[in-house]
Amino acid sequence: MDKPVDKPVEKPTDRVEFETMLLSRHSHLHAPRTRVGAGGLDRSAYVLLTRIRMHGPMSIGQLTDAFGLDASTLNRQTAAMLRAGVVERIPDPDGGIARKFRITEEGERRLEADRSFNVGGLERIMEHWSPEDVTVFAGFLERFNRDIERLEGRPWPRS
């Protein structure tokens, strides 16, 4: 019989690491990629469309700055989004040289469908939580994300 291994004293951040690992594993319960086969958006399109919806039309350069991704990655992702009809290229409304990506009606429709799917999944998961607990949890998640954004130097535009 194997002898039990003594665990070192667990720090609170050890628990956070473990729980965020599990959270990423359970994302199939509410994440957009679960709908990809059913007309849903892939994760990158979901995030990019959300940012464009909040910020307005954006160029590859602006998306690079916003996400810290290289231009070739964003070119590949936006090309797929163009083919899917969820964005369109437009001249810069402010008169700049670079063309910008704007969300289309189809993009709005699909983004809203995926968002509703995600919210529904979260509501099923937290159906036994009090509204106050959901609010407190959302506040901690926002704080966690804001601190990540601060360290990366890339704040997400919040409404």
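Start with the aromatic pairs: there are two in this structure, which is a predicted model. A pair here is two rings of Phe, Tyr or Trp (its six-membered ring) with centres within 6.5 Å; planes under 30 degrees apart count as stacked, over 60 as edge-to-face and the rest as tilted.

Select Phe 67 and Trp 156 to begin. Their rings meet edge-to-face, 6.0 Å centre to centre and with 65° between the planes. Phe 67 belongs to helix 3 (residues 60-67) and Trp 156 to the segment after helix 6 (131-152), so this pair ties together parts that are 89 residues apart in sequence. Helices here are DSSP runs (H or I, at least four residues), strands are runs of E (at least two), and both are numbered from the N terminus.

Are these two rings buried, partly exposed or exposed? Phe 67 is partly exposed at 21% relative accessibility, and Trp 156 is partly exposed at 23%. The cut-offs: buried is under 20% relative accessible area, exposed is over 50%, and partly exposed is in between (1.4 Å probe, protein chains only).

Now hop to the other pair, Trp 129 and Phe 137. This one is edge-to-face too, with 5.4 Å between the centres and 75° between the planes. Trp 129 has 37% relative accessibility and counts as partly exposed, as does Phe 137 at 35%.

Go back to Phe 67 and add Arg 51 to the selection. The charged end of Arg 51 sits over the Phe 67 ring, 5.6 Å from its centre. The charged end of Arg 51 also sits over the ring of Trp 156, 5.0 Å from the centre of that ring. To qualify, NZ of Lys or CZ of Arg has to be within 6 Å of the ring centre and within 35 degrees of the ring normal.

Next, show helix 2 (43-55) alongside helix 3 (residues 60-67). How do their axes cross? They come within 12 Å and cross at roughly 110°; the axes are lines fitted to C-alpha atoms, for helices over the stretch in contact, with angles running from 0 to 180 degrees between N-to-C directions. Helix 2 and helix 3 are therefore roughly perpendicular (65 to 115 degrees; under 35 is roughly parallel, over 145 roughly antiparallel and the rest oblique). On the helix 2 side, the contact (heavy atoms within 4.5 Å) is made by Val 47, Leu 48, Arg 51, Ile 52 and His 55, and on the helix 3 side by Gln 62, Leu 63, Ala 66 and Phe 67.

Ile 52 and Leu 63 also lead into the largest nonpolar core: its 17 residues include Leu 41, Leu 49, Ile 52, Leu 63 and Met 81, which have the most contacts inside it. Such a core is a set of buried Ala, Val, Leu, Ile, Met, Phe, Trp, Tyr and Cys residues joined through side-chain atoms within 4.5 Å. Helix 2, helix 3, helix 4 (71-84) and strand 2 (100-103) each give two or more residues, and helix 2 has the largest share, five.

One more stop: Ser 59, in the loop between helix 2 and helix 3. Ser 59 is buried at 8% relative accessible area and, beyond residues up to four places away in sequence, touches Ala 98, Arg 99 and Lys 100.

Residues are numbered from 1 along each chain as its sequence is written, and side-chain values use heavy atoms, with hydrogens and water left out. Local features need pLDDT of at least 70 and side-chain atom pairs count only at pLDDT 80 or more, while totals for chains, interfaces and linings use all residues.
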